[in-house]
Amino acid sequence: MGASVNRVLVVGSGQMGSGIAQVLATSGIDVNLYDVQPLQLDKGLQGIAKNLARQVDKGRMSEADKAAVLQRIRRVTRLEEAAACDLAIEAATENLQVKQDIFRTLDDLLPEYAILASNTSSLPITELAAVTKRPERVIGMHFMNPVPVMPLVEVIRGLATSDQTLDTVLQLAERLGKTAVSVNDFPGFVSNRVLMPMINEAIFCVYEGVATPEAVDAVMKLGMNHPMGPLTLADFIGLDTCLAILEVLYDGFGDPKYRPCPLLRQYVQAGWLGKKSGRGFYVYE
């Protein structure tokens with residue numbers, strides 16, 4: 001049996017962090033939302049309010065429900081203010097050093113029983129756990145983007161993660177209305193280990209002149225029933241993020257099949273990062 005989770009600290013209020021905070025608060029859980037940048041924190045909270053307003057407009061939620069959800073989210077600019085919680089979910093930038101620093105801090109601040117979770121999409125949970133004094137209470141909770149819409153949470157068990165920690169997090173995911181899939185801690189887990197080589201291969205098809213991005217995406221959408229072509233998806237994820245995950249796979253396995261396509265590297269060097277920069281494999285206004 002897992003322990004019950006009533007108060008959660010979310011570290012990082014970007015797209016993922018604010019989405020996680022929204023889903024938690026909608027499920028009746030009190031959330032402390034923290035960001036190192038107060039401006040980013042305000043932006044995250046505005047995004048949540050806008051998402052909920054859209055739900056009200058569509059008749060999926062009442063004004064009173066929306067107000068109740070927003071009331072459950074507390075804006076936090078100092079981590080010390082948010083130490084009294086059962087679980088922390090780190091949703092900071094995808095950088096091992098940054099995440100390890102956050103885990104050290106959380107380990108010092110949070111009560112002994114609290115679970116430390118990371119929303120990392122590819123970094124090793126075991127390495128994050130190793131910088132804490134509670135490796136048995138460290139776990140991965142990889143939400144998919146956009147968090148309020150996507151049903152999956154990939155739950156990653158580090159080498160030392162206890163059964164109780166796993167049970168608690170699986171129960172929490174269920175309470176959030178998500179489907180939790182438990183996987184072990186190897187580079188890229190399952191989601192990105194399967195997805196990124198496909199995206200990389202699609203980029204190789206463009207790089208080698210096999211077909212245009214439009215043609216590659218059309219084949220995968222119409223022939224394989226994918227809702228979105230791999231190159232459109234790569235643009236949405238961010239080509240810099242795709243490259244970083246492929247690097248993790250390549251370094252972690254030492255297998256040339258994960259070698260990032262040179263064209264992907266070139267696009268990232270050019271600042272063509274996809275939708276967020278206005279240009280990737282496609283041009284966005």
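Where is Pro-146 found? I looked there first. Pro-146 sits in the loop between β6 and β7 (152-157). I checked the bond leading into Pro-146 from Asn-145 and noted that this peptide bond is cis. Its omega is near -5°. For context, I wrote down that most peptide bonds are trans. I keep in mind that the model I am reading is predicted.

**Sheet**

Next I traced the sheet. I followed eight strands, in the order β3-β2-β1-β4-β5-β6-β7-β8. The sheet is open and the pairing is mixed. Which strands are at the edges? I found β3 (73-76) and β8 (179-184), each pairing on one side only. From one strand to the next, I noted an average twist of 25°.

**β4 and β5**

I then looked at one pair inside that order. Strand β4 covers residues 87-90 and strand β5 covers residues 115-118. The two run parallel, and four bridges join them. I looked up Leu-87 and found Ile-115 of β5 as its bridge partner.

What lies across these strands? I traced helix α4 (residues 96-109), which lies across β4 and β5, and also across β1 (7-11) and β6 (138-143). Relative to β5, I recorded an angle of about 165° for helix α4.

**β7 and β8**

I moved on to the β8 end. How many bridges join β7 to β8? I noted six, and the two strands run parallel. Arg-157 stands opposite Asn-184 of β8. Between the strands I followed helix α6 (residues 163-175). Together, β7, helix α6 and β8 make a β-α-β unit, and I logged its hand as right-handed.

**Positive phi**

Last, I went through backbone angles. Most residues other than glycine have a negative phi. I wrote down two residues that do not follow this.

Phe-189 has a positive phi of about 55° and is not a glycine. I placed Phe-189 in the loop between β8 and α7 (191-207). Is Phe-189 buried or exposed? I counted Phe-189 as buried, because its relative accessible area is 4% and the cut-off for buried is under 20%.

Asn-225 also has a positive phi, of about 65°, and is not a glycine. I found Asn-225 in the loop between α8 (213-224) and α9 (230-237). Its relative accessibility is 68%, so I entered Asn-225 as exposed; that label needs over 50%.

My closing note pairs the two: Phe-189 is buried, whereas Asn-225 is exposed.

Note on methods:
Residues are numbered from 1 along each chain as its sequence is written. This is a predicted model: local features need pLDDT of at least 70, side-chain atom pairs count only at pLDDT 80 or more; totals for chains, interfaces and linings use all residues. Side-chain values use heavy atoms; hydrogens and water are left out. Two strands pair if DSSP finds at least two bridges between them. Axes are lines fitted to C-alpha atoms, for helices over the stretch in contact, and angles run from 0 to 180 degrees between N-to-C directions. Contact means heavy atoms within 4.5 Å. Buried means under 20% relative accessible area, exposed over 50%, partly exposed in between (1.4 Å probe, protein chains only). A crossover is right-handed if, with the strands pointing away from the viewer, the path from the first strand over the helix to the second runs clockwise.
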